[in-house]
Amino acid sequence: MPDPFKLDLSQRPRRLRRTASLRALVEETVLRPQDFIAPLFVVEGKGAPEEIASMPGVFRLSIADLVKECRALWKLKVQAVALFPKLDAKLKDEEGTQALSEETLVLRAVRAVKKAVPELTVITDVALDPYTTHGHDGVLNAAGDDVENDRTVGILAKMAVLQARAGVDLVAPSDMMDGRVGAIRKTLDAAGFSGTGILAYSAKFNSAYYGPFREAVGSAQAAGTRLLSKATYQMNPANRREALLEATLDAAEGADIVMVKPAGPYLDIIREVRGRTHKPIAAYQVSGEYAQIQAAARLGWLDLARTRHESLIAIKRAGADMILTYFAKDMGQALR
Ligand code: PBG
């Protein structure tokens, strides 16, 4: 019998993987329930929760059910929510005027949630897509072939003030118009809301992964069926430098937190933004990222709990301080 094969190695990284307790000592990234922001969909009326077909386990909630969900999240130590309204079609118009009503759905939802769970961080989107018949994030020019940047920013700034007045902790411009963060900051300060923060969707890519979300809020029209594409304001997935430019501009304009969206397919962007700003970074694991994990799990092709955890660890490891994810509640439960 020849001697068993032996390597003369001074470095054996496997030594620290030998036992669970050694592995825990050298673990570099840990998820906490407090890392997550739960995106929640709200609808009018008192109806039962409606499940979104392409997002199993995600529901459109009445305000009463939304409040219950927020209490449940808070108990699980998931301490932040981002609210998205799905409006009745009859409330939508070309200009999205419903967005500037004090009594619009999302503002009533914010007031109800803040009353019930005052310490919960409440975030609202600043963008017109739930409010416009065409589903774009802003208002169109006369020819209907462009979203008018500056006029849209004027409306968004007013929207942010209404949200601040309703009690949100952070307003989150998700529209990708130029100069909106600076304009929102100025308008909030002038209205006496210097304490309301801005979570800027800074590097928001024009992504196919938003499909299920557009079903959830009914903004699918803008996905490219009209002459105008969201590619005229959301970023080209091919571009890295431009993402850094957007993040730098938003930080300089006064964003308190910069966001990269989607998250999983853009880990390189998260990492590079991390290297260039001292602001906290948020990443949004979007509807399509959620849907693909759920779909594979339903087919029995992936283990749901493990894939979910790994997808989120990867985002945090890349440099995100906080993650918007439809798995927030599941993670709160899993991490108990
Ligand atoms: C729009 C908005 C979108 C999402 C959040 N805010 C979609 C879009 O730009 O069409 C997507 C979130 C998701 O896919 O989970 N203002």
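**Exercise 1. Decide how open to solvent Arg274 is, then find its salt-bridge partner.**

Step 1. Arg274 has a relative accessible area of 22%, so we call this residue partly exposed. The label fits because partly exposed covers the range between under 20% (buried) and over 50% (exposed). Keep in mind that we're working with a predicted model here.

Step 2. Now for the partner: the side chain of Arg274 meets that of Asp321 in a salt bridge, 3.0 Å from N to O.

Step 3. Where do the two sit? Arg274 belongs to helix α8 (residues 267-274), while Asp321 is in the loop between α10 (304-318) and β10 (322-325); the pair links distant parts of the chain, 47 residues apart.

Step 4. Asp321 has a relative accessible area of 37%, so this residue is partly exposed too.

**Exercise 2. Work out what the salt bridge between Arg108 and Glu44 ties together.**

Step 1. Start with the distance: the closest N and O atoms of Arg108 and Glu44 are 2.7 Å apart. That passes the test for a salt bridge, because the cut-off is within 4 Å.

Step 2. Next, place both ends. Arg108 is part of helix α3, and Glu44 is in the loop between β1 and β2 (50-52), so the bridge ties together parts 64 residues apart in sequence.

Step 3. Check the accessibility. Arg108, at 27%, counts as partly exposed, and Glu44, at 28%, also falls in the partly exposed class.

Step 4. For the wider picture, the structure holds 20 salt bridges. Some residues join up in a network of them: Arg32, Asp35 and Lys316 are linked this way.

**Exercise 3. Explain how Lys68 and Asp65 are placed in helix α2, and say which is buried and which is exposed.**

Step 1. The side chains of Lys68 and Asp65 form a salt bridge, 3.5 Å from N to O.

Step 2. Count along the helix: the two residues are 3 apart in α2, so about one helical turn separates Lys68 from Asp65.

Step 3. Here's the background: an α-helix has 3.6 residues a turn, so residues three or four places apart point the same way.

Step 4. Finally, the accessibility. Lys68 is exposed, with a relative accessible area of 54%, whereas Asp65 counts as buried at 17%.

**Exercise 4. Check the length of helix α3 and find what its buried residues pack against.**

Step 1. Helix α3 has 12 residues (residues 105-116), and at 1.5 Å a residue they should span 16 Å. The calculation uses 1.5 Å times one less than the number of residues.

Step 2. Compare with the model: the end C-alpha atoms of α3 are 17 Å apart, which agrees.

Step 3. The buried residues of α3 are Leu105, Val106, Leu107, Ala109, Val110, Val113 and Lys114.

Step 4. These buried residues pack against β1 (36-43), α2 (63-75), β4 (80-86), β5 (121-126) and α4 (149-166).

**Exercise 5. Describe the surroundings of Val81 and Ser174.**

Step 1. Val81 lies in strand β4. At 0% relative accessibility, this valine counts as buried.

Step 2. Leaving out residues up to four places away in sequence, Val81 touches several residues, among them Ile37, Leu40, Cys70, Leu73 and Val122.

Step 3. Over to Ser174, which is in the loop between β6 (170-173) and α5 (180-190). Ser174 is buried as well, at 1% relative accessibility.

Step 4. With the sequence neighbours up to four places away left out again, the contacts of Ser174 include Asp125, Asp137, Arg180, Tyr201 and Lys204.

**Exercise 6. Judge whether the chain as a whole is as compact as a globular protein of its length.**

Step 1. Take stock of the parts: the chain has 11 helices and 10 strands.

Step 2. Its radius of gyration is 21 Å, close to the 20 Å from the globule rule for 336 residues, so the chain is as compact as a globular protein of that length.

Step 3. Look inside: 51% of the 336 residues are buried. Of the contacts between residues at least 6 apart in sequence, 74% join residues at least 24 apart.

Step 4. Now the outside. The chain exposes about 15,900 Å², with carbon and sulfur atoms supplying 53% of it. One nonpolar surface patch, of about 360 Å², is made by Phe5, Leu7 and Leu9. Leu9 sits in the segment before α1 (20-25) and is partly exposed at 40% relative accessibility.

Definitions and conventions
Residues numbered from 1 in each chain as written. Predicted model: local features only at pLDDT ≥ 70, side-chain atom pairs only at ≥ 80, totals over all residues. Heavy atoms only, no water. Patch = residues over 30% accessible without salt bridge, like charges linked within 9 Å, V, L, I, M, F, W, Y side chains within 5 Å. Areas by Shrake-Rupley, 256 points an atom, 1.4 Å probe, with all protein chains shown as cover. Helix = DSSP H or I, 4+ residues; strand = E, 2+ residues; numbered from the N terminus. Buried < 20%, exposed > 50% of the residue type's maximum accessible area, 1.4 Å probe, protein only. Contact = heavy atoms within 4.5 Å. Rg over C-alpha atoms; globule rule 2.2 N^0.38 Å.
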